[in-house]
Amino acid sequence: MARKSLIFKNLYIYKKSLINIKKLINIKKNIFLNISLNNYFKLFNINKKKIFIRFKKRCYISGRSRSFYNRFYLNRNFIRKIGSIGNILGLEKSSW
């Protein structure tokens, strides 16, 4: 089970990356509209380490990053537990 700090850190990185991407888009628009060196150098000052590079997809319940399924946003253990009860729509228990 992942620590709560990892989950919150991941959310923080995701929110910061969205803000940085919006800044990049605005600066690129300004560069094409107003060609100046100041706008060009602003591209290099943005923290590029946090633009979706360190963001990891994690299970919403446990915070586990491995064996994560995008369709359900859960890891395999919780898909099995919750799916066997029948709480996940579109998932059928199969046994042979």
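A residue is called buried under 20% relative accessible area, exposed over 50%, and partly exposed in between. Keep that scale in mind as you look at the views of this predicted model.

**View 1. The whole chain brings together helices and strands.** Let's start with the overall layout. The protein chain contains 3 helices and 2 strands, and from the N terminus on they follow the order α-α-β-β-α. Of the 96 residues in the chain, 25% are buried.

**View 2. Confidence varies along the chain.** The average pLDDT of the protein chain is 76, and 79% of the residues reach at least 70. Strand E2 (residues 74-75) has the highest confidence, at 88, while helix H2 (residues 37-45) has the lowest, with a mean of 69. A friendly word of caution: where pLDDT is low, the predicted coordinates should not be read in detail.

**View 3. Lys-56 belongs to a patch of positive charge.** On the surface, Lys-56 gathers with Arg-64, Arg-66 and Arg-76. You can find Lys-56 in the loop between H2 and strand E1 (68-69). Its relative accessibility is 44%, so Lys-56 counts as partly exposed.

**View 4. Lys-57 sits in the loop between H2 and E1.** Why does Lys-57 count as partly exposed? Its relative accessible area is 47%, and partly exposed covers the range between under 20% and over 50%. Now look for Leu-11 as well: Lys-57 and Leu-11 are 46 residues apart in sequence, and their C-alpha atoms are 9.8 Å apart in space.

Conventions:
Residues are numbered from 1 along each chain as its sequence is written. This is a predicted model: local features need pLDDT of at least 70, side-chain atom pairs count only at pLDDT 80 or more; totals for chains, interfaces and linings use all residues. Side-chain values use heavy atoms; hydrogens and water are left out. pLDDT is the predictor's confidence in each residue, from 0 to 100. Helices (H or I, at least four residues) and strands (E, at least two) are DSSP runs, numbered from the N terminus. Patches are made of residues with over 30% relative accessible area and no salt bridge: like charges are joined within 9 Å, nonpolar side chains (Val, Leu, Ile, Met, Phe, Trp, Tyr) within 5 Å. Accessible areas come from the Shrake-Rupley method with a 1.4 Å probe; for residues, only the protein chains shown count as cover. A salt bridge is a side-chain nitrogen of Lys or Arg within 4 Å of a carboxyl oxygen of Asp or Glu. Lys and Arg count as positive and Asp and Glu as negative; His and the chain ends are not counted. The place of a charge is taken as NZ of Lys, CZ of Arg, CG of Asp or CD of Glu. Buried means under 20% relative accessible area, exposed over 50%, partly exposed in between (1.4 Å probe, protein chains only).
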